[in-house]
Amino acid sequence: MKSLKKTLVLLLSATLVACAALCVAGCGGQQASSAASSTSSSASSEATEARGKTLVVYYSATGNTAAIAQAIVAQMGATSFAIQPAQPYTSADLEYDNPDSRVSKEHADAALQDVALAQETPDDWASYETVIIGYPIWWGEAAYPVASFARANDFTGKSVIPFCTSASSDIGNSAEKLSQAAQGGEWLGGMRFPANVNSDEVRQWVDDLGLENQNL
Ligand SMILES: Cc1cc2nc3c(=O)[nH]c(=O)nc-3n(C[C@H](O)[C@H](O)[C@H](O)COP(=O)(O)O)c2cc1C
């Protein structure tokens, strides 16, 4: 009887020791994993900060690209810069099916495509690490004032994200041509939106870019 009692006491103490050991291991494990997750979240916030400020640059002759640019600006809290030709295009200038219109003449003569801009370089250009650049498609390419903007500026050290609007054409090689005209920059794949794009589609695209929200 005495030895049975002794055995029970021994079994009970062994169980208590095992429970205590499990608890210590469990608590230790939890601490380790929360430390790991706080380390990784601070690392990822550093990575986000490193992306810095975003500038949304756009040209829009009839308002479609401007509407998308403004939606991006509102969502991100980013700054915008509207490219403005020194001599703005009138609606007569934009008549692409009239061979005597300004755009038709520019289309026919590459020398006329270097459009003078009211301001070539946005204020504080050096402070932006990401540039989202939006433009309408003209005859399969970026509208001429955007090519002038690309030629005029040094994008070295910046990530450049192009988007365009068009009636039906895809973005094609329009963004690639801009990147070739520009000095430097890491030009990423571009996006084409239809002129009457649904705002959810723009919102989703901006979310997917994963850029730092400048409002935060
Ligand atoms: C001169 C000119 C050329 C155009 N060429 C094309 C074209 O090649 N393909 C296309 O799908 N749309 C073309 N479009 C339509 C515009 O790309 C479309 O309407 C765009 O959304 C206009 O943007 P905006 O309102 O910001 O200027 C052209 C428009 C103009 C004025």
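**Entry 1: two backbone outliers**

I began with Trp139, which I found in the loop between S3 and S4, in what I note at once is a predicted model. Its phi is near 45°, a positive value in a residue other than glycine, and I looked up its surroundings as well: Trp139 is partly exposed, with 13 other C-beta atoms within 10 Å. I then went to Asp124, which is not a glycine either and has a positive phi of about 55°. Asp124 sits in the loop between helix H3 (102-108) and S3, and because it has 11 C-beta neighbours inside 10 Å, I entered Asp124 as exposed.

**Entry 2: the chain as a whole**

I next read the secondary structure along the sequence and counted 6 helices and 7 strands, which follow one another in the pattern α-β-α-β-α-β-β-α-β-α-β-β-α. Of the 216 residues in the chain, I have 29% down as buried. For the contacts in the chain with a separation of 6 or more, I noted that 78% are between residues 24 or more positions apart.

**Entry 3: the nonpolar core**

Which residues have the most contacts inside the largest nonpolar core? I found Val57 and Val146 in that role, in a core of 43 residues. At least two residues of this core come from each of strand S1 (53-58), helix H2 (64-76), strand S3 (128-138), helix H4 (144-152), strand S5 (159-166), helix H5 (174-181) and strand S7 (191-194). The element that gives the most to this core is S3, with 7 residues. I followed Val57 further and, not counting residues up to four places away in sequence, listed Phe81, Ile83, Pro122, Val131, Ile133 and Phe149 as the residues that Val57 touches.

**Entry 4: strand S5 and its partners**

I turned to S5 and found it mostly covered, with 7 of its 8 residues buried. I then went through its pairings one at a time. S3 and S5 run parallel and are joined by 7 bridges, and in this pairing I noted Ile161 of S5 as the bridge partner of Ile132. The pairing of S5 with S6 is also in the parallel sense, over 2 bridges, and here Val160 stands opposite Trp187 in S6. With S7, too, S5 pairs in the parallel sense, this time over 4 bridges; I recorded Cys164 opposite Arg192 in S7 and Thr165 opposite Phe193 in S7.

Which residues of S7 form its covered face, and which its uncovered one? I assigned Met191 and Phe193 to the covered face, and Arg192 and Pro194 to the uncovered one. Read together with the bridges, Cys164 therefore has as its opposite number Arg192, a residue of the uncovered face of S7, whereas Thr165 stands opposite Phe193, a residue of the covered face.**Entry 5: helix H5**

For H5 I looked up which residues are buried, and the list is Ser174, Ala175 and Leu178. Seen down the axis of H5, these buried residues fall within an arc of 95°, so they line one face of the helix. I then checked what the buried residues of H5 pack against, and found S3, strand S4 (141-142), H4, S5 and strand S6 (186-187).

**Entry 6: Ser148**

Is Ser148, which I located in helix H4, buried or exposed? Ser148 is buried, because 22 other C-beta atoms lie within 10 Å, and the cut-off I needed for this call is 20 or more. Leaving aside its neighbours within four places in sequence, I found Ser148 in contact with Asp114, Val115 and Leu117. I looked at the pair with Leu117 once more: the two residues are 31 residues apart in sequence and 7.6 Å apart in space, C-alpha to C-alpha.

**Entry 7: around the ligand**

Last, I looked up the shell around the ligand, which is surrounded by 21 residues, the closest being Ser60, Thr62, Asn64, Thr65 and Pro136. By class, I noted 11 nonpolar and 10 polar residues in this shell, and no charged ones. H2, S3 and S5 each supply at least two residues of the shell, and I add that H2, S3 and S5 are also among the elements that each supply at least two residues of the largest nonpolar core.

Key
Residues numbered from 1 in each chain as written. Predicted model: local features only at pLDDT ≥ 70, side-chain atom pairs only at ≥ 80, totals over all residues. Buried ≥ 20, exposed ≤ 12 C-beta atoms within 10 Å, placed from the backbone. Contact = placed C-beta atoms within 7 Å. Core = buried A, V, L, I, M, F, W, Y, C linked by C-beta atoms within 7 Å. Near = placed C-beta within 6 Å. Nonpolar A, V, L, I, M, F, W, Y, C, P; charged D, E, K, R; others polar. Arc of directions from axis to C-beta. Pairing = 2+ DSSP bridges.
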